[in-house]
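Work through the exercises below with the model open beside you. Try each task before you read its solution.

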Amino acid sequence: MTTATAELLTVPEVMERLKLGRSTVYDLIRSRRLISITVGRSRRVPLDAVRDFIDHQIEEAA
């Protein structure tokens, strides 16, 4: 597995990391609160985007 491949997460992997349901993850993607890209017909979320989302949520909660 290359570094670039390891940094792109599938929606189920994002669901597992954030402990959220599928619909919620897609809602976050649709609302652009979670950045994603399309590779072919597959949706991928950069690992950095997940980290940024978590950081932003922590900042909002503070």
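The model is predicted.

**Exercise 1. Is Asp 27 buried, partly exposed or exposed, and which side chain does Asp 27 meet in a salt bridge?**

Solution.
- Step 1. Take the accessibility. Asp 27 has a relative accessible area of 42%.
- Step 2. Apply the cut-offs. Buried means under 20%, exposed means over 50%, and partly exposed lies in between. Asp 27 is therefore partly exposed.
- Step 3. Look for the partner. The side chain of Asp 27 forms a salt bridge with that of Arg 30, at 2.6 Å from N to O.
- Step 4. Classify the partner. Arg 30 has 60% relative accessibility and counts as exposed.
- Step 5. Place the pair. Both residues belong to helix α3 (residues 22-30). They are three residues apart, so about one helical turn separates them.

**Exercise 2. How many salt bridges does the structure hold? Analyse the one formed by Asp 48.**

Solution.
- Step 1. Give the count. The structure holds two salt bridges.
- Step 2. Find the partner of Asp 48. Asp 48 pairs with Arg 51, and their closest N and O atoms are 3.5 Å apart.
- Step 3. Check the criterion. A salt bridge needs the nitrogen within 4 Å of the carboxyl oxygen, so this pair qualifies.
- Step 4. Place the pair. Asp 48 and Arg 51 are three residues apart in helix α4, with about one helical turn between them.
- Step 5. Add the accessibility. Asp 48 is partly exposed at 47%. Arg 51 is also partly exposed, at 46%.

**Exercise 3. Which residues form the negative surface patch?**

Solution.
- Step 1. List the members. The patch consists of Asp 52, Asp 55, Glu 59 and Glu 60.
- Step 2. Locate one of them. Asp 55 sits in helix α4, which covers residues 47-61.
- Step 3. Test Asp 55 for patch membership. A patch residue needs over 30% relative accessible area. Asp 55 has 42% and is partly exposed, so it passes this cut-off.

**Exercise 4. What is the strand order of the open sheet, and which strands stand at the edges?**

Solution.
- Step 1. Write the order. The three strands run β1-β3-β2, with antiparallel pairing.
- Step 2. Name the edges. β1 (8-9) and β2 (37-39) each have a single partner strand, so one side of each has no neighbour in the sheet.
- Step 3. Recall the pairing rule. Strands of a sheet pair through backbone hydrogen bonds.
- Step 4. Inspect one pair. β2 and β3 (residues 42-46) are antiparallel and joined by three bridges.
- Step 5. Pick a bridge. Thr 38 has Arg 43 in β3 as its bridge partner.

**Exercise 5. Is Val 14 buried or exposed? How far apart in space are Val 14 and Leu 47?**

Solution.
- Step 1. Locate Val 14. It lies in helix α2 (residues 11-18).
- Step 2. Classify it. Val 14 has 0% relative accessibility and is buried.
- Step 3. Compare sequence with space. Val 14 and Leu 47 are 33 residues apart in sequence, while their C-alpha atoms are 8.7 Å apart.

**Exercise 6. Where do Lys 19 and Arg 32 lie, and what is the sign of phi in each?**

Solution.
- Step 1. Take Lys 19. Its phi is positive, about 55°, although it is not a glycine. Lys 19 lies in the loop between α2 and α3. It is exposed, at 68%.
- Step 2. Take Arg 32. Its phi is also positive, near 65°, and Arg 32 is not a glycine. Arg 32 belongs to the loop between α3 and β2. Arg 32 is exposed, at 74%.

Notes: Residues are numbered from 1 along each chain as its sequence is written. This is a predicted model: local features need pLDDT of at least 70, side-chain atom pairs count only at pLDDT 80 or more; totals for chains, interfaces and linings use all residues. Side-chain values use heavy atoms; hydrogens and water are left out. Patches are made of residues with over 30% relative accessible area and no salt bridge: like charges are joined within 9 Å, nonpolar side chains (Val, Leu, Ile, Met, Phe, Trp, Tyr) within 5 Å. Accessible areas come from the Shrake-Rupley method with a 1.4 Å probe; for residues, only the protein chains shown count as cover. Lys and Arg count as positive and Asp and Glu as negative; His and the chain ends are not counted. The place of a charge is taken as NZ of Lys, CZ of Arg, CG of Asp or CD of Glu. Helices (H or I, at least four residues) and strands (E, at least two) are DSSP runs, numbered from the N terminus. Buried means under 20% relative accessible area, exposed over 50%, partly exposed in between (1.4 Å probe, protein chains only). Two strands pair if DSSP finds at least two bridges between them.
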